[in-house]
Amino acid sequence: AAATDSEEGDRLQNMGTKAGKEEFESYIVQRHTTVLELLQAFSSVNVTLGQLLELLPRLQPRYYSISSSSAMYP
């Protein structure tokens with residue numbers, strides 16, 4: 001995905017460098033900025049649904065839960 005606005009693209013790329021670490025910390029980490037909020041703030045960035053889904057962590061299988069416990073429901 002690329003920003004069509006060069007200023008937005010430069011700012012995003014800068015946040016991914018050592019020089020932009022402070023801005024990344026204050027804008028993303030401290031504010032708990034979500035992907036949706038980031039896309040709204042940088043509206044010139046166009047991403048597909050597939051690209052967004054790749055950002056999500058994979059769901060891990062759940063092998064055990066309290067509902068499958070024989071001690072809870074003998």
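## A tour from fold to pocket

Begin with the whole chain in cartoon view, where four helices and two strands can be picked out; this is a predicted model, and local features are described only where pLDDT is at least 70. Following the chain along its sequence, you will pass through these elements in the pattern β-α-α-α-β-α. If you then switch to a surface view, the chain exposes about 6500 Å², of which carbon and sulfur atoms supply 56%, while 16% of the 74 residues count as buried.

Next, select Met15, Tyr27, Ile28, Phe42 and Val45, which together make up the largest nonpolar core. Keep Met15 highlighted and display its surroundings: leaving aside residues up to four places away in sequence, Met15 touches Gly20, Glu23, Phe24, Tyr27, Ile28 and Phe42. For the chain as a whole, 50% of the contacts between residues at least 6 apart in sequence join residues at least 24 apart.

Now turn to the largest pocket, which has a volume of about 350 Å³, and select Leu12, Leu38, Leu39, Val45 and Val47, the residues nearest its centre among the 16 that line it. Colouring by element shows where this lining comes from, since two or more residues each are given by strand E1 (2-3), helix H1 (6-15), helix H2 (21-29), helix H3 (35-41) and helix H4 (49-55). Which residue classes make up the lining of the largest pocket? Colouring by residue type answers this, with 15 nonpolar residues, one polar and no charged. Finally, leave Val45 selected, as Val45 belongs to the largest nonpolar core and is also one of the lining residues nearest the centre of the largest pocket.

How values were computed
Residues numbered from 1 in each chain as written. Predicted model: local features only at pLDDT ≥ 70, side-chain atom pairs only at ≥ 80, totals over all residues. Heavy atoms only, no water. Core = buried A, V, L, I, M, F, W, Y, C linked by side-chain atoms within 4.5 Å. Buried < 20%, exposed > 50% of the residue type's maximum accessible area, 1.4 Å probe, protein only. Contact = heavy atoms within 4.5 Å. 1 Å grid on protein atoms, 1.4 Å probe; cavity = no way out; pocket = protein on both sides within 12 Å on 5 of 7 lines; lining within 4 Å. Points joined across faces, edges and corners; volume = space filled by probe spheres on them. Nonpolar A, V, L, I, M, F, W, Y, C, P; charged D, E, K, R; others polar. Areas by Shrake-Rupley, 256 points an atom, 1.4 Å probe, with all protein chains shown as cover.
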